[in-house]
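Thanks for coming, everyone. I'll put the structure up and walk through a few spots in it.

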Amino acid sequence: MNFSLLNKKNYIITLFILIVVLIFGLKYGAVYTALGLSLLISVFFLFFEKAILQDKHYTSIGLIISSGLGAVFFINVLSPKVLDTSAINWLLKRGDPAQHFLGWHFFRNDPWSFPPAVINSLNTPIGTTVTYTDSIPLLAFIFKVFNIFLPDTFQYLGLWILICYILQGFFSLLLMRKLTRNISLQILGTMFFIMSPIMLWRAYGHEALMGHWIILASLYLHRSPYNHLKWLLLLFISLLVHPYLFIMCFLIFVVKVLEMLVSKDLNLRMTFLYLFTAGSLIIITLWLIGYFYIGSSGTADGFGVYSMNLNSLFNPQGWSHYFLKDQLTATPGQYEGFNYLGSGVILLLICSMYTTLNNGKINMKGKKGLIIIIIIFTVTALSNVITFSGKTLFVIPLPEALLKLCSIVRASGRFFWPVYYMLLLFILSSLLKTMKTKGALVFFALALSIQFADLSGKFNDFHNMYASDTAWESPLRTDVWEKINNDTYRNIVFVPANVSNNYVAFSMIAAQKGMTINAVYTARDDFKKKELYNNKLVENFRNGIWDSKSVYIVDNFLFEQTILNKKDNDLFLSADGYNLFIPNGALDPQLNSLNMNLYGFDYKVGSIISFGATGNSHLIKAAGWSFAEENATWTEGKQADLLFTLKNPETDLVLSMKMSPLLGGEIKEQRLIVYANNQKIKELSITSNDTYQFSIPKEIISDQLKISLILPDASSPQSLKMNEDERILALSVENLRLDPVSP
């Protein structure tokens with residue numbers, strides 16, 4: 001072997017690497033493992049690279065190591081706990097992951113249908129698909145085939161995240177091989193991709209979007225001799241993972257094909273054949289995953305809001321632990337445009353710009369396709385609302401048809417991801433061209449360490465979040481939910497079909513009992529069908545027409561109508577703060593044994609009704625109320641009603657209400673007009689948090705007392721420029737009581 005282990009430069013580099021590993025290892029402990037391993041492995045290859053290059057297994061050694069480093073990063077920065085397929089608390093406790101799990105959880109127990117991705121038991125009667133619950137159809141299909149062998153509780157999202165990190169390491173090494181033959185530099189460069197902030201950001205709850213390896217695979221195929229079957233396979237897989245990743249992959253594919261046409265490597269016939277076969281595969285796959293099933297256009301509001309700020313590459317948005325301060329964003333949705341490079345990569349960028357400018361003009365030969373990709377993705381990410389820091393620089397007016405088309409990619413800030421990785425490749429490539437191997441090795445190790453230190457705070461945050469023993473407890477604790485017999489009742493129906501804050505708990509009950517549920521979160525919905533269904537559902541309920549196989553969760557505005565329409569055999573009760581209506585429930589022996597708080601109770605004069613989250617205001621609230629907060633409930637809309645059942649009083653009553661007004665902007669007071677059983681009893685202005693009293697003559701009180709609060713000045717906090725709350729609010733009510741007037 002013509003190399004020496006005693007080379008002084010090797011010793012110096014080794015000493016530097018070992019010092020870095022020691023310092024960072026002592027400070028960051030186990031979370032540092034992946035970076036420390038990559039540095040130590042790089043030192044090893046520095047010594048033995050010539051020998052390794054002669055090894056017939058050389059081509060697989062780097063791929064195995066890079067894939068392994070991806071797995072090590074996952075284990076140390078996230079946690080192997082999520083690989084437990086029976087562990088679902090970490091999903092149910094968080095918003096989006098709960099949706100992703102529930103999509104699979106219902107899909108696995110639904111019979112196969114056409115198209116195969118349809119879920120009929122979720123979002124009934126319209127249904128949805130595993131595509132629109134972001135449940136990663138690729139894995140949902142595979143595991144459904146083997147569903148009879150799986151336990152009742154099974155999740156694959158933790159496994160998917162591990163796969164993503166392994167493949168991130170795999171494809172980043174393939175890309176690094178196109179930049180250098182030095183395996184040490186390949187491994188160090190790979191770590192910049194594995195530590196990608198934009199990928200790890202998605203671990204907050206967008207598991208499917210962690211498939212950044214699909215972007216890297218697209219860039220690798222773009223830089224490789226054309227292989228049509230590989231492109232078709234990648235397009236197919238990307239569609240089975242997430243539409244955003246597919247669009248990125250598809251555009252890179254189209255540019256590759258058109259590049260070959262322009263360079264005359266392809267004739268028109270073959271170009272058409274490639275595009276036609278790809279298009280046919282895409283249409284078939286879209287049908288397969290249920291994209292056309294619910295009649296959704298795939299559009300949604302938010303284009304221009306969920307965009308990329310011009311400062312995004314250098315705006316940490318809370319990710320820089322030591323070096324950079326957060327900068328402003330111009331819209332509340334620009335977290336979707338998070339594209340922070342990290343301080344280590346910024347250092348590399350500055351150096352690469354210096355060396356590139358020093359070397360004269362940049363060689364653009366053969367890079368027109370890449371430039372087109374960069375322009376398209378950057379323009380899409382920025383949207384038509386161009387922003388810098390906290391300011392909107394200008395808005396480009398778009399025709400309605402084009403704006404609707406752009407709404408398909410409403411979270412446009414994500415589309416900078418391919419450019420982000422192309423920029424990283426350019427930075428590494430320009431430095432490798434201008435620096436000597438061992439100098440590049442030291443510089444990459446230094447930049448990698450700075451990158452790790454900069455992001456270490458977030459690494460620790462994610463580790464704590466994923467490694468903690470997450471407990472999820474259903475807020476639905478009343479015995480009635482367990483006693484509902486799924487042989488008798490087949491559907492959980494919200495009236496109207498609006499998604500509850502606790503839809504996850506209701507969905508878990510429905511899944512456990514093999515019931516359907518009509519109101520859940522999905523990425524897209526058929527809003528026309530939903531509106532028609534909702535209108536018919538509410539109309540039928542108002543008229544006392546209900547399905548004896550359904551359990552209804554009734555909104556407050558239908559409270560009074562439900563009491564009037566209820567028959568003797570029906571149950572209408574309060575359960576965990578919800579209005580629960582069960583047709584023929586009084587005949588169910590399972591439900592008769594429960595001690596339940598039925599509606600229609602006699603209000604005891606002098607008792608306090610609390611409007612906090614643990615209070616009993618749900619017993620009297622009718623229409624016009626928002627959800628109960630910790631200590632109070634806001635009125636919502638221009639009118640809020642209360643309904644009491646009480647015996648005819650012997651004296652006049654006084655209603656005492658402790659409440660505070662929404663004040664801000666031009667609203668200096670909240671006017672309040674109070675009606676009792678449709679008779680006006682008082683008009684006043686609410687200006688502060690206080691207890692307000694209203695006299696109610698006994699003559700107007702029968703067996704029921706309806707209090708109506710008319711609120712002409714109700715406004716949204718958003719319109720008053722207080723915050724982003726769009727609810728129409730007026731009064732925050734803490735408690736009330738009815739007392740007899742002293743003689």
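So, to start: why is the sulfur of cysteine 249 not in a bond with the closest cysteine sulfur? The closest one is in cysteine 164, and at 14 Å that is too far for a bond. A disulfide here means a pair of cysteine sulfur atoms within 2.5 Å, and the structure holds 0 of them. Both cysteines are covered up, by the way: cysteine 249 is buried with a relative accessible area of 1%, and cysteine 164 is buried at 0%. For that label, buried means under 20% relative accessible area, exposed means over 50%, and partly exposed is in between, with a 1.4 Å probe and protein chains only.

Quick housekeeping. This is a predicted model, where local features need pLDDT of at least 70 and side-chain atom pairs count only at pLDDT 80 or more, while totals for chains, interfaces and linings use all residues. Residues are numbered from 1 along each chain as its sequence is written, and side-chain values use heavy atoms, with hydrogens and water left out.

Okay, the inside. By nonpolar core I mean a set of buried Ala, Val, Leu, Ile, Met, Phe, Trp, Tyr and Cys residues joined through side-chain atoms within 4.5 Å. The largest one has 201 residues, and Leu39, Tyr165 and Trp481 have the most contacts inside it. Helix α18, residues 437-467, gives the most to this core, with 13 residues. On names: helices (H or I, at least four residues) and strands (E, at least two) are DSSP runs, numbered from the N terminus. There's also a second, separate core of 34 residues, which includes Ile609, Ile620, Phe644 and Met657.

Let's zoom in on tryptophan 481. Contact means heavy atoms within 4.5 Å, and leaving out residues up to four places away in sequence, the partners of tryptophan 481 include Phe506, Ile509 and Lys513. Those three are also on the list of buried residues in helix α20. That helix, residues 503-513, is mostly covered, with 10 of its 11 residues buried. Right after α20 comes glycine 514, with a positive phi near 70°.

One long-range pair while we're on helices. Threonine 14 sits in helix α1, residues 8-28, and counts as buried at 13% relative accessible area. Threonine 14 and valine 442 are 428 residues apart in sequence, yet 9.4 Å apart in space, C-alpha to C-alpha.

Now the sheet. What is the strand order in the open sheet of 4 strands? It goes β14-β19-β16-β17, with antiparallel pairing. Two strands pair if DSSP finds at least two bridges between them. The edges are β14 (639-645) and β17 (679-686), each pairing on one side only. For β16, residues 670-676, 7 bridges join it to β17, and valine 674 stands opposite lysine 682 in β17.

Last stop, aspartate 713, in the loop between β19 (704-710) and β20 (729-740). Is aspartate 713 buried or exposed? Buried, because its relative accessibility is 14%. Its side chain makes a polar contact with the side chain of arginine 671, at 2.7 Å. A polar contact is a pair of N or O atoms within 3.5 Å; within protein, one must be able to donate a hydrogen and the other to accept it, and residues adjacent in sequence count only if both atoms are side-chain atoms. Beyond its neighbours within four places in sequence, aspartate 713 also touches Lys638, Ile667, Glu669 and Gln670, among others.
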